Amino acid sequence: MAMRVPRTKAAAALSPHQPLEWTIASDVLAIERVVEGVVGLCTASGFSAKQCRFNIPIALTEALANAIMRGNGSDASRSVRIRSSVQMTRDGATLNVDVTDEGAGFDIDTAGCTPDAPDWLEREDGRGVFLMRSLMDRVECTRASDLPGNTVRLVLHRA
Amino acid sequence: MSFTVVKERETVVIEVDGQLVVTNRQEFKQVVLDEVERGARSFVVDFSGSAYIDSSGLGALVSLGKRIREAGGDLRLAALNEDLRTLFELTRLDALFPLFATRADALADAPAGR
């Protein structure tokens, strides 16, 4: 796993304005360290305890698992890039996390389902997008015209 | 992240230590399915040591609950913190599993004979 954490490895000592970037292999075992890094950034930026222990870890785990397994098809030759930053404003702070895969692309608006789906209580998979949308303030999916893969952006305002 | 299996009379209790997520859901499923194969039918999952569950963890519980019910058994969930209860309510999976405040409550609710 290739991991790049610029400037410092100590999340607790990070400036809240300092973005974090990783490039990881398509291996779900890489998820935990990325989640720890982003949670560290948000903790240092004053996000609430619930956001740091609940909203962010779950939504980011979903986005990373989606990129690794659905976007890249768990293809070890493909990578996932993550860029995480907190924008500080006079009134608060906003977390932006971009998760970019190298796959053929998918439509996040049609991926997964909602609790109103008839098989919701029966199916094993398909709840990830619903959880991301429920736990973040905004979830966007973009696709560059000249590059492979999707970028899923998670946006959360500090509570 | 690890799982500990404890026998309480006829009920198998699985203690979840840490997250139940995409990285360990297969291990979790195998632990429970092994007990089903050995004949266990009454299960309690104790989340008192668990931080959070993602959609893969929820999916594993849904899958196991279905398998256990088909075998004539039942799966109860115990000691979920406020966050985890929120997660089950958000996903409406609280309609699928009995949620108990404590492990003792879940064990006390075991079907007759278990």
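**Exercise 1. Find which residue partners A:Arg153 in a salt bridge, and say where the two sit in the chain.**

Solution. Start with the side chains: in this predicted model, A:Arg153 and A:Asp98 meet in a salt bridge, with N and O 2.6 Å apart. Next, look up where each one lives. A:Arg153 belongs to strand β5 (residues 151-157) of chain A, while A:Asp98 belongs to strand β3 (residues 93-100) of chain A. That puts them 55 residues apart, so the pair links distant parts of the chain.

Now check how open each one is. A:Arg153 has a relative accessible area of 30%, so it's partly exposed. A:Asp98 comes in at 17%, and because buried means under 20%, A:Asp98 counts as buried.

**Exercise 2. Do the same for B:Arg103 and B:Glu15: which elements hold them, and is each buried or partly exposed?**

Solution. First, the contact: their side chains form a salt bridge at 2.6 Å, N to O. Then the places: B:Arg103 is in helix α4 (residues 103-108) of chain B and B:Glu15 is in strand β2 (residues 11-17) of chain B, 88 residues apart. Last, the accessibility: B:Arg103 has 18%, so it's buried, and B:Glu15 has 25%, so it's partly exposed.

**Exercise 3. Work out which residues make up the salt-bridge network that includes A:Glu124.**

Solution. Begin at A:Glu124. Its side chain meets that of B:Lys29 in a salt bridge of 2.9 Å, N to O. This pair crosses between chains, and B:Lys29 sits in helix α1 of chain B. With a relative accessible area of 12%, B:Lys29 is buried.

A:Glu124 also bridges to B:Arg25, where the closest N and O atoms are 3.8 Å apart. Add A:Asp125 and you've got the network: A:Glu124, A:Asp125, B:Arg25 and B:Lys29.

**Exercise 4. Describe the interface of chain B and chain A: how many residues are in contact, and how much area is buried?**

Solution. Count the residues: 24 of chain B touch 28 of chain A. Then take the area: about 2200 Å² is buried between the chains, 59% of it on carbon and sulfur atoms. There are also 6 salt bridges between them, plus 7 residue pairs in polar contact. Finally, see who contributes on the chain B side: α2(B) gives the largest share, 7 residues. By type, that side splits into 11 nonpolar, 7 polar and 6 charged residues.

**Exercise 5. Name the residues that touch the most other members of the largest nonpolar core.**

Solution. The core has 77 residues, and the ones to pick are A:Leu154, B:Phe28, B:Phe47, B:Leu77 and B:Phe88. Helix α2 (residues 49-71) of chain A supplies the largest share, 11 residues.

Terms used. Residues are numbered from 1 along each chain as its sequence is written. Chains are lettered from A and ligands numbered from 1 in the order in which they are written. This is a predicted model: local features need pLDDT of at least 70, side-chain atom pairs count only at pLDDT 80 or more; totals for chains, interfaces and linings use all residues. Side-chain values use heavy atoms; hydrogens and water are left out. Contact means heavy atoms within 4.5 Å. Buried area is the accessible area (1.4 Å probe) that two parts lose on being put together, summed over both. A salt bridge is a side-chain nitrogen of Lys or Arg within 4 Å of a carboxyl oxygen of Asp or Glu. A polar contact is a pair of N or O atoms within 3.5 Å; within protein, one must be able to donate a hydrogen and the other to accept it, and residues adjacent in sequence count only if both atoms are side-chain atoms. Helices (H or I, at least four residues) and strands (E, at least two) are DSSP runs, numbered from the N terminus. Ala, Val, Leu, Ile, Met, Phe, Trp, Tyr, Cys and Pro count as nonpolar, Asp, Glu, Lys and Arg as charged, and the others, Gly among them, as polar. A nonpolar core is a set of buried Ala, Val, Leu, Ile, Met, Phe, Trp, Tyr and Cys residues joined through side-chain atoms within 4.5 Å. Buried means under 20% relative accessible area, exposed over 50%, partly exposed in between (1.4 Å probe, protein chains only).
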